[in-house]
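The report that follows goes through one protein chain with its ligand, beginning with the chain as a whole and ending with single residues. Please keep the sequence and the coordinates at hand while reading.

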Amino acid sequence: MILSGFAGSGKGTIIKELLAKYDDYVLSVSATTRSPREGEVEGVHYFFKTEDEFKKMIADGELLEYANYVGNYYGTPRAYVKEMLAAGKNVILEIETEGALNIKREYPDAVLVFVMPPSVEEIHNRLKHRGTETDEVIEKRMKKAGLEITVVDRYDYLMINDVLEESVEMFNAIVSSQRMAVSRNRDFINDKKKEFEDYLSRNSKKEN
Ligand code: 5GP
């Protein structure tokens, strides 16, 4: 499950609420070369790396995907995602569009959800309000958002994040419906087919 959205779309808050409310979700913690913001904790918000360390992770094949976003590298460590998927968890990757589309190319089963605030003006307001970036960085992120909107067509779902509680439920509804998709339940369906065959052959023997 991949959640992308412009900087300031509120995607981080949606995920925080989702993790607090439901226990079958886990969030993949990314590696980045960006410096920590005030309050960010190593291993919780990100694994903070130097550029050399990050490049070594790429070379060693430790990353499922990576991308450069406004001058810094960001990437998803492969091992944790693999382990959590095997444990039956809904794994959320909160990543930008390039990485998301790369994953979709390699794993067409991945579900891409794009979060948008109700208006462009709102994006700017939220970034400004957050107070963690300089005006210059905010403008770079707004420019990047203008590019990201051009690839939203390739996403599976769009969520307008207006009321937080509603967004959390919308996201959970998307995941629940995905779990019920026939394409994700092939093994179960084949088991039932087999059970029917066994049942019918037992009964036809009785009739004879
Ligand atoms: P921020 O600096 O605001 O924490 O993140 C900047 C952008 O990088 C956001 O759009 C965020 O979703 C994205 N991002 C965070 N981690 C990853 C990652 O592992 N891979 C990719 N491709 N993007 C990421």
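Contact, as the word is used here, means heavy atoms within 4.5 Å. With that cut-off, and counting contacts in the protein chain between residues at least 6 apart in sequence, 64% join residues at least 24 apart. The model is predicted, and the values below should be read with that in mind.

## The chain as a whole

The protein chain holds eight helices and nine strands, and its C-alpha atoms fill a box of roughly 85 × 40 × 30 Å when the box is taken along the principal axes. Of the 208 residues in the protein chain, 39% are buried. The area that the protein chain exposes comes to about 12,500 Å², and carbon and sulfur atoms supply 53% of that area.

## The ligand and its surroundings

Which residues come nearest to the ligand? There are 16 residues around the ligand, and S30, R34, Y46, Y74 and E96 are the ones that come nearest. For R34, an N or O atom in the side chain is 2.6 Å from an oxygen atom of the ligand, and for Y74 a polar side-chain atom likewise lies 2.6 Å from a ligand oxygen atom. The side chain of E96 has an N or O atom at 2.6 Å from a nitrogen atom of the ligand. Taken alone, the ligand exposes 510 Å², of which the protein buries 95%.

R34 deserves a closer look. This residue is found in the loop between β3 (30–32) and β4 (46–48). Is R34 buried or exposed? Because buried means under 20% relative accessible area, R34 counts as buried at 9% relative accessibility. When residues up to four places away in sequence are not counted, R34 touches E40, Y46, F48, N72, Y74 and R141. With E40, one of these residues, R34 also shares a polar contact of 3.0 Å between the side chains.

## Salt bridges

A search of the whole structure finds 15 salt bridges, including the three pairs in the table.

| Pair | Closest N to O distance |
|---|---|
| K21 and E169 | 2.6 Å |
| E133 and R37 | 2.7 Å |
| K128 and D135 | 2.6 Å |

The side chains of K21 and E169 meet in a salt bridge. K21 lies in helix α1 (residues 11–21) and E169 in helix α7 (residues 164–179), so this pair ties together parts that are 148 residues apart in sequence. Both ends count as partly exposed, K21 at 44% relative accessibility and E169 at 30%.

E133 and R37 form another of the salt bridges. Here E133 lies in the loop between α5 (120–130) and α6 (135–148), while R37 lies in the loop between β3 and β4, so the pair ties together parts that are 96 residues apart in sequence. E133 is buried, with a relative accessible area of 15%.

The third pair in the table joins the side chains of K128 and D135. K128 is partly exposed, with a relative accessible area of 45%, and D135 also counts as partly exposed, at 48% relative accessibility. Elsewhere, salt bridges that share partners join R34, R37, E40, R130 and E133 into one network. R34 thus appears both in this network and among the residues that come nearest to the ligand.

## A nonpolar patch on the surface

F196, Y199 and L200 form a nonpolar patch on the surface, and together they have about 350 Å² of accessible area. L200 lies in helix α8 (residues 186–207). The relative accessible area of L200 is 51%, and since exposed means over 50%, L200 is exposed.

## A backbone angle at V70

What value does phi of V70 take? Phi of V70 is near 45 degrees, a positive value in a residue other than glycine. Most residues other than glycine have a negative phi. V70 lies in the loop between β5 (63–69) and β6 (72–77), and with a relative accessible area of 28% V70 is partly exposed.

Definitions and conventions: Residues are numbered from 1 along each chain as its sequence is written. This is a predicted model: local features need pLDDT of at least 70, side-chain atom pairs count only at pLDDT 80 or more; totals for chains, interfaces and linings use all residues. Side-chain values use heavy atoms; hydrogens and water are left out. Patches are made of residues with over 30% relative accessible area and no salt bridge: like charges are joined within 9 Å, nonpolar side chains (Val, Leu, Ile, Met, Phe, Trp, Tyr) within 5 Å. Accessible areas come from the Shrake-Rupley method with a 1.4 Å probe; for residues, only the protein chains shown count as cover. A salt bridge is a side-chain nitrogen of Lys or Arg within 4 Å of a carboxyl oxygen of Asp or Glu. Helices (H or I, at least four residues) and strands (E, at least two) are DSSP runs, numbered from the N terminus. Buried means under 20% relative accessible area, exposed over 50%, partly exposed in between (1.4 Å probe, protein chains only). A residue is near a molecule or strand if one of its heavy atoms lies within 4 Å of it. A polar contact is a pair of N or O atoms within 3.5 Å; within protein, one must be able to donate a hydrogen and the other to accept it, and residues adjacent in sequence count only if both atoms are side-chain atoms.
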